[in-house]
Structure formats: C-alpha cells, structure tokens
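User: I have a structure open and would like to go through it step by step. Could you show it here, please?

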Amino acid sequence: MNVAIVTVVMPALNAVGTIGEQLEALAAQQTNVPWELVVVDNGSTDGTVTVAESFRDRLPRLVVVSCSRPGANAARNLGARSGSGELLLYCDADDRVAPGWLDAMARALEQTDVVGGRIDNDAFGSTMERHPDGVPVAAGFLPRAITANLGVRRSAWSAVGGFAEDYEYGCTDTEFCWRLQLAGYQIGYAEDAVVAYRHRSSLRAAAVKSYRTARSRGRLFRDFGPHGMPRPRLVGVGWRWARLVVTAPLAPFSARRRWQWVTEAAGAAGRVVGSVRFRVRYL
C-alpha cells in the first residue's frame, strides 16, 4: 500500500445525526491522490464512533481514534499525529464536502502553505448567517480560514507546534492561521474546494456562538496586540452600542431583525466579558 499523501482529519463530538452524510461525501471523492481519513472522537456519548466504523468497507484507509483531552484543537492535533500524509486537510463532522474537494485542496497546497476553501452557505437552507468568500482579514489584522475547510502542509503545522490546544472555541482557526503567517508562511484560497456548511439553526445557538467568538477576541488581542492586531476604535464601539439601543424596539417584529439584534447583543456582551477575563480593553 502506498503511503498517503493527504491526511483528512475530522474531529467529531456527538455527531451521530450528521457524520454519516459527511462520510458519504468523503467516500465519493474521485481522486488518484493516495489519502487517508482520521476520525477523532472527542468524547462522544452517542453512536458517532459506531457510524464512523461502519464506513470501513467504503473508506479502506479509515482510522478512528479517541481523544481524551477535550477541545477541537486537541482532536485536530491528534488527528494529524495519527496520520502519515504530508498534506493535512481539515473538515467537520456536521458539514458536507463537495465532489472534487480533496483534489482541489491538494492542488492549492502545491502553491501555498495553508489554504482555505469556499464555504457554501446555502446548501442546508441557512438564511440568517453567512461566511464570506475568500480568506477574509479577521479583526482588522490578518487573513484566516475556518477549520471546516482548511488545509495545511504538515511541515508548516509542525513548525508552529500545531493548533494551540489551550485556545477555546471562537478563535481556534484564527489563532492558528495568524501564527502561521507571523512565522512566514503564506495563506491562499481554493475557490473550487467547496464545503457545504451547516450554520446554527436556532437563535439561541447562534447567540451562544456570537458570544463565545466575541469573548475570544480579548485573548487574541492579548496575544497578538504586540504583533499589530488593532484595538477597535472607540467611535465604532460607541456606534455599535447605540445601534443596539435604537434598534431594540424593532427586534420583536421581524425574525431577521431579531436574529441580528440578539447576535449583535451577544457579541457585545462577549467582548466585555473577554476584556475583563483577559485583562485587556477590547470592546
């Protein structure tokens, strides 16, 4: 058996309802590139592992491992260590890679060190949330790709010590991409490497995501402020809070306005908590 050139890493936590669809999409990839899939169970209490194991006949290079340390970054690192590929591709257990995804990511990594693919926001019927095209600049500092559709050369992953396992949800991919770029590695975009992304389907889940992401910005600023990450301008902070006050009476009358107001309010609260928690001013 040839040594794998590509290792696909998929963390999974209680994903019994979605992981089968992602595994179906991976099993259907048409490619001549030798590759393997590492599914990293991150402490599931449902049938996630059983579903993954059921694909062994369709994914002969399937590895299923258990990660005892909580957190997606720990799972991502264990997945990389458990594989042999020189190219590491990351996807999530609740999304769906498109046909040709693996080949497109592998081609892109021939030209650059780390790459983000295109996010299909519409496949699962989302209307409230969007991920932008490309690898957008985050927090006014540097570009980043999201780990739902990210590839990196193993040499670059190893050189920066992999993902930061003590980083929490909300900035794990941003921190990783920024650290790579500060180390001199280049980030690119693979438009033809598409992943259908499953956005939060409830307002509560979206608000929690907004809060946790905003809270994590305090830690990012603590760690990357010395490298040039800017602090939000006070005029912008004032405008954001004023808009929340002014638009609050309109929120109950429209699902879209309510979604926007609640997620923005959760984000504002998250920035306050993050500023206190990490002893910075990042509002």
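User: What does the secondary structure of the protein chain come to?

Analyst: The protein chain has nine helices and 10 strands. Helices (H or I, at least four residues) and strands (E, at least two) are DSSP runs, numbered from the N terminus. This is a predicted model, in which local features need pLDDT of at least 70 and side-chain atom pairs count only at pLDDT 80 or more, while totals for chains, interfaces and linings use all residues. Residues are numbered from 1 along each chain as its sequence is written, and side-chain values use heavy atoms, with hydrogens and water left out.

User: Which radius of gyration does the protein chain have?

Analyst: The protein chain has 19 Å, which agrees with the value near 19 Å for a compact globule of 283 residues. The radius is taken over C-alpha atoms, and the globule rule is 2.2 Å times the number of residues to the power 0.38. Along its principal axes, the C-alpha trace spans about 65 × 40 × 35 Å.

User: What percentage of the 283 residues is buried?

Analyst: Buried residues make up 51% of them. Buried means under 20% relative accessible area, exposed over 50%, and partly exposed in between (1.4 Å probe, protein chains only).

User: Turning to the interior, which residues touch the most other members of the largest nonpolar core?

Analyst: They are V8, L23, L26, L37 and W101, in a core of 32 residues. A nonpolar core is a set of buried Ala, Val, Leu, Ile, Met, Phe, Trp, Tyr and Cys residues joined through side-chain atoms within 4.5 Å. Elements that give two or more residues to this core include β1 (6–12), α1 (19–27) and α4 (101–108). Helix α4 gives the most, with six residues.

User: And what is W101 in contact with?

Analyst: Leaving aside neighbours within four places in sequence, the contacts of W101 include V8, L26, L89, N149 and V195. Contact means heavy atoms within 4.5 Å.

User: Which residues does the second, separate core include?

Analyst: That core has 24 residues, among them V40, A74, L78 and L88.

User: One more residue: is A25 buried or exposed?

Analyst: A25 lies in helix α1 and is buried, with a relative accessible area of 10%.

User: Which residues is A25 in contact with?

Analyst: Leaving aside neighbours within four places in sequence, A25 is in contact with R96 and V97. A25 and R96 are 71 residues apart along the chain, yet their C-alpha atoms are separated by 6.3 Å.
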